[in-house]
Amino acid sequence: MDDSSRTEAGLSSSQRWALIAGVYAFGCATVTALLLSDMLGLFAEVIGLPTALSMPLLASPALVAGAGLWWALVERPGTVTYPRGAAFGLLTALVTGALWTGRFALFWGVEMLTAGPVPLLVGFVLGAVAVAGVLVGLPIAFVRRRSRRRSDAAATANSL
């Protein structure tokens, strides 16, 4: 971890990357929600979300979960690997989906999760976002690895 390079705001490189990962996860979650909007629009309507903002609202937990999970899985251990990046995406997607599934259960009751096609829809959406999450985690791991290599090379050049 390169905590020696702090910005004017007092954030270390690791903290900046955790925030970037959270914003990235939110953006990707919004795009995924838009792609699944036929099903998620109904879900949003059922739990009382405003129609115009429903997709960004459904993606909003990914902002916080993404930043926290990136910090815990990638930055804190100090090793950026593709499996850690994939785990970041997968867990961010599943935490976001689990939060909204919990909200649905609080709104309508746990028994509604077993009624009719609801388990199939919840399973399909969680499966789709899990796959999307794994795929989303790989590019940011690639970019972070490259940025770390560049900063390590610059630090080596400066020390010579």
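**Exercise 1. Find the residues that Ser54 is in contact with, leaving aside its neighbours within four places in sequence.**

Solution. Begin with the rule that contact means heavy atoms within 4.5 Å. Leaving aside neighbours within four places in sequence, Ser54 is in contact with Ala44 and Leu49. Next, place the residue: Ser54 belongs to helix α3 (residues 54–59), where helices are DSSP runs of H or I with at least four residues, strands are runs of E with at least two, and both are numbered from the N terminus. Then look at a polar atom of the Ser54 side chain, which lies 3.1 Å from the backbone oxygen of Thr51. Finally, Ser54 counts as buried because its relative accessible area is 5%, and buried means under 20%, exposed over 50% and partly exposed in between, with a 1.4 Å probe and protein chains only.

The model used here is predicted, so local features need pLDDT of at least 70 and side-chain atom pairs count only at pLDDT 80 or more, while totals for chains, interfaces and linings use all residues. Residues are numbered from 1 along each chain as its sequence is written, and side-chain values use heavy atoms, with hydrogens and water left out.

**Exercise 2. Describe the chain as a whole by its secondary structure and its buried residues.**

Solution. The chain has six helices and zero strands, and from the N terminus on its elements run α-α-α-α-α-α. Of its 160 residues, 36% are buried. Turning to contacts between residues at least 6 apart in sequence, 71% of them join residues at least 24 apart.

**Exercise 3. Compare the expected span of helix α5 with the distance between its end C-alpha atoms, and then describe its ends.**

Solution. The expected span is 1.5 Å times one less than the number of residues. Helix α5 (residues 82–108) has 27 residues and should therefore span 39 Å, which agrees with its end C-alpha atoms being 39 Å apart. At the N-terminal end, Thr81 caps α5, with a side-chain oxygen 3.2 Å from the backbone nitrogen of Arg84. After the helix comes Gly109, whose phi is positive, near 100 degrees. The buried residues of α5 include Gly85, Phe88, Trp100 and Phe104.

**Exercise 4. Work out which residues are linked with Glu75 in a network of salt bridges.**

Solution. Side chains of opposite charge can pair when their charged atoms come close. The rule for a salt bridge is a side-chain nitrogen of Lys or Arg within 4 Å of a carboxyl oxygen of Asp or Glu, and by this rule the count comes to two. In one of them, the side chains of Glu75 and Arg144 meet at 2.8 Å, N to O. This pair links distant parts of the chain, since Glu75 is in helix α4 (residues 61–75) and Arg144 is in helix α6, 69 residues apart. Glu75 also forms a salt bridge with Arg148, with the closest N and O atoms 3.4 Å apart. Arg148 lies in helix α6 and Glu75 in helix α4, so this pair ties together parts that are 73 residues apart in sequence. Glu75 and Arg144 are both buried, and Arg148 is buried as well. The network thus consists of Glu75, Arg144 and Arg148.

Terms used
Polar contact = N/O pair within 3.5 Å; in protein donor to acceptor, adjacent residues only side chain to side chain.
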